[in-house]
Amino acid sequence: MKAIAYFQNLPATDPQSLQDITAPEPVPGDHDLLVEVKAISVNPVDVKIRANRKPKDGQPEIIGWDAAGIVRAVGAKTSLFAPGDRVWYAGALTRPGANSELHVVDERIVGRMPQRLDFAQAAALPLTTITAWELLFDRLRVLDNAAPSQGSLLVVGAAGGVGSILVQLARQLTGLTIIGTASRPETQAWVTELGAHHVIDHTRPLAEELKRIGHPQVSFIAGLTQTDQHFPQLAEAIAPQGRIALIDDPSAIDVRLLKGKSASLHWEFMFARPLHNTPDLIAQHELLNQAARLIDNGTLRTTLGEHYGRINAENLRRAHAFIESGKARGKVVLEGF
């Protein structure tokens with residue numbers, strides 16, 4: 001089968017950083033689906049692993065953790081899907097990624113693809129949707145209740161992949177006032193279009209920006225990017241007994257800044273469930289199905305931002321370089337081999 005892999009850690013601009021290869025077809029295990037991959041999207045985790053995780057014994061490393069496709073075969077102990085089903089999922093870090101024509105994935109972290117989306121539109125969503133859903137409802141413990149609320153949510157980096165779906169989920173499923181951050185006119189317009197009540201500029205002091213819009217303190221904060229830079233201001237902005245959830249990898253933050261407010265800090269890592277095979281692993285299957293229903297009834301929309309053409313090494317290198325630039329709005333998708 002066709003696949004894209006890397007053999008050594010190189011910059012995305014290097015022609016050898018990602019290469020077209022021919023790989024053996026995978027065989028599904030008892031709980032697995034064999035999926036014909038129709039479309040993929042690119043996430044910061046792809047970029048980080050390509051740049052930092054060394055392949056074992058010189059073997060090709062196939063990455064990619066967002067896919068939409070068609071089930072071609074099922075394992076002996078599966079019960080959720082059948083051949084011919086259209087599916088979407090993010091996969092697991094401990095297994096080969098989905099940058100390949102065929103891919104095996106545990107059915108308990110797979111959802112039924114939204115009927116109203118095509119494969120490219122669907123591939124933009126699984127990883128970020130799982131991350132945003134778990135962050136909002138499992139980590140911050142926001143109530144799924146659209147009734148008006150006096151609470152507020154600050155989303156730092158709201159124009160990116162996770163932010164683009166998090167803003168929608170919070171606006172559509174909760175009564176919180178949503179404050180997104182974005183630094184360019186086009187990304188600010190995007191965040192507003194997705195449902196934020198206010199958009200502020202994270203290149204300016206956040207405390208001043210929040211005071212300017214009349215929200216000097218917020219109930220919840222989703223820190224999606226540059227937490228090293230923003231954390232002292234996040235600690236200042238969080239309300240007493242508020243909650244902060246992060247997804248990035250700050251080198252050092254002083255959590256003691258939260259003590260005086262009895263504020264709590266949480267990390268969201270959507271791969272934690274499959275990485276540790278947690279008892280509630282099937283929760284990702286259930287939330288992807290719920291998200292599909294919300295898309296099909298018009299509550300949520302795809303966050304596809306850029307379509308980079310066919311799934312091949314050249315286009316995937318361009319996508320990685322674009323993600324590294326920090327200028328992405330929504331998600332970058334590739335489709336078809």
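Which residue forms a salt bridge with R301, and how far apart are the closest N and O atoms? I started my notes with that one. I'm working from a predicted model here. I found E193 as the partner of R301, with the closest N and O atoms 2.7 Å apart.

Next I looked up the domains. The protein chain splits into domain 1, which takes in 2–128 and 278–335, and domain 2, which covers 145–269. So much for bounds; I turned to the contact between the two. I noted 15 residues from domain 1 and 18 residues from domain 2 taking part in it. Their centres, taken over C-alpha atoms, are 28 Å apart.

Then I checked how much area goes into that contact. Domain 1 and domain 2 bury about 1400 Å² between them, and 64% of that is on carbon and sulfur atoms.

For the polar side, I got two salt bridges between domain 1 and domain 2. I also got five residue pairs in polar contact between them, both residues at pLDDT 80 or more. On the side of domain 1 that touches domain 2, I have six nonpolar, four polar and five charged residues.

Last, I looked at the whole chain. I see ten helices and 15 strands in it. Its C-alpha atoms fill a box of roughly 55 × 40 × 35 Å along the principal axes. What radius of gyration does the protein chain have, against a compact globule with 337 residues? I have 20 Å for the chain, which agrees with the value near 20 Å for such a globule.

Technical notes: Residues numbered from 1 in each chain as written. Predicted model: local features only at pLDDT ≥ 70, side-chain atom pairs only at ≥ 80, totals over all residues. Heavy atoms only, no water. Domains from an automatic or database assignment. Contact = heavy atoms within 4.5 Å. Buried area = accessible area lost by both parts, 1.4 Å probe. Salt bridge = Lys/Arg side-chain N within 4 Å of Asp/Glu carboxyl O. Polar contact = N/O pair within 3.5 Å; in protein donor to acceptor, adjacent residues only side chain to side chain. Nonpolar A, V, L, I, M, F, W, Y, C, P; charged D, E, K, R; others polar. Helix = DSSP H or I, 4+ residues; strand = E, 2+ residues; numbered from the N terminus. Rg over C-alpha atoms; globule rule 2.2 N^0.38 Å.
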